[in-house]
Amino acid sequence: MQSLTQVIGVAVPMIEDDLNTDQMAPLQLAKGLKPDYADLLFKRRRQNPDGSLIADYVLNQPQFKAPSILVAGLNFGCGSSRESAVWCLYAIGIRCVIARSIADIFRENCLQNGVLPIELDGLAMDDLQRRVLAANGAAPFTINLEAQTISGPGGDALGFDVRASDKLRLMEGLDEIGLTMKHDADIRGWEARTFVQTPWLQQARDKRA
């Protein structure tokens, strides 16, 4: 997984609630075993039945064709647990999702794939949405994960909360296996001690020992 310390780029406004994973990744429309995830993203919303683009849809507007940040409303990523929803976002360059609330499974899928999920509410989110809409893709925003700030045109930097473990995972580019392997020496030491102290519990000696 690619590490993430900051995200700099266009913020696309999708200021609505309950955007779900089926809308993001309509797999029923995928053709072949290796779909074009960038093309699949919000396909039912971006394209007419004949495949032509809907010109006024936000992701089809020229200034938002290569966003790095997505700003949404409540309950973003609800619906099914499909991880491909995050793959679709990642495929067009989105590395950070900011919403008033984010569905739990979608949030975890983001972390597993190097996308930073941020929840902002109240006046802070009101301010960010106003600034993103006013910028209209003409100026970049910056997400600094180490400092936990969101900065950009139209106002002061905004702070955000992130769990220390999630911050570590993203900054070091670690999935759950990678996090576990950071403790490889401790795990091996425990296995060796347990083998000596409780040999009757060992069904088969670990080949690594």
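# Exercises on a predicted fold

Asn-75 lies in the loop between β3 and α4, where helices (H or I, at least four residues) and strands (E, at least two) are DSSP runs numbered from the N terminus. The model is predicted, so that local features need pLDDT of at least 70 and side-chain atom pairs count only at pLDDT 80 or more, while totals for chains, interfaces and linings use all residues. Residues are numbered from 1 along each chain as its sequence is written, and side-chain values use heavy atoms, with hydrogens and water left out.

## Exercise 1: Two asparagines in loops

Describe the backbone and the exposure of Asn-75, and then do the like for Asn-136.

Solution. Begin with the backbone of Asn-75, whose phi is near 60 degrees, a positive value in a residue other than glycine. Next take its surroundings: Asn-75 has a relative accessible area of 30% and is therefore partly exposed, since buried means under 20% relative accessible area, exposed over 50%, and partly exposed in between (1.4 Å probe, protein chains only). Then turn to Asn-136, which is found in the loop between α6 (122-135) and β6 (141-144). The phi of Asn-136 is also positive, near 50 degrees, in a residue other than glycine, and with a relative accessible area of 38% Asn-136 is partly exposed.

## Exercise 2: The whole protein

Give the number of helices and strands, and describe the extent and the surface of the protein.

Solution. The count comes to nine helices and eight strands. Taken along the principal axes, the box filled by the C-alpha atoms is roughly 70 × 45 × 25 Å. The exposed area is about 11200 Å², of which carbon and sulfur atoms supply 54%; accessible areas come from the Shrake-Rupley method with a 1.4 Å probe, and for residues only the protein chains shown count as cover. Of the 209 residues, 40% count as buried.

## Exercise 3: Two open sheets

Work out the strand order and the pairing direction in each sheet of four strands.

Solution. In one open sheet the order is β1-β6-β7-β8, with antiparallel pairing, two strands being paired if DSSP finds at least two bridges between them. The edges of this sheet are β1 (6-9) and β8 (158-159), each of which pairs on one side only. As a detail, strand β7 (residues 149-151) is joined to β8 by two bridges, and Thr-149 has Gly-159 in β8 as its bridge partner.

The other open sheet runs in the order β2-β3-β4-β5 and is paired in parallel. Here β2 (11-13) and β5 (116-119) stand at the edges with a single partner strand each, so one side of each has no neighbour in the sheet. From one strand to the next the twist averages 20 degrees. Three bridges link β2 to strand β3 (residues 69-71), and Val-12 is partnered in β3 by Leu-70.

## Exercise 4: Inside the protein

Identify the residues with the most contacts inside the largest nonpolar core, and the elements that give two or more residues to this core.

Solution. A nonpolar core is a set of buried Ala, Val, Leu, Ile, Met, Phe, Trp, Tyr and Cys residues joined through side-chain atoms within 4.5 Å. The largest such core has 30 residues, and those with the most contacts inside it are Leu-70, Phe-76, Leu-89 and Phe-106. Two or more residues come from each of α4 (84-91), β4 (96-99) and α5, and the largest share, four residues, is that of α4. Apart from this core lies another, of 23 residues, including Val-7, Ile-98, Leu-111 and Ala-135.

## Exercise 5: A helix pair

Describe how α5 and α7 pack, and name the residues that make the contact.

Solution. Two packed helices are described by the angle between their axes and the distance between the axes. For α5 (residues 104-112) and α7 (residues 164-172) the angle is about 35 degrees and the axes are 9 Å apart; axes are lines fitted to C-alpha atoms, for helices over the stretch in contact, and angles run from 0 to 180 degrees between N-to-C directions. On the α5 side, Arg-107, Glu-108, Leu-111 and Gln-112 make the contact, and on the α7 side Asp-166, Arg-169 and Leu-170, contact meaning heavy atoms within 4.5 Å.
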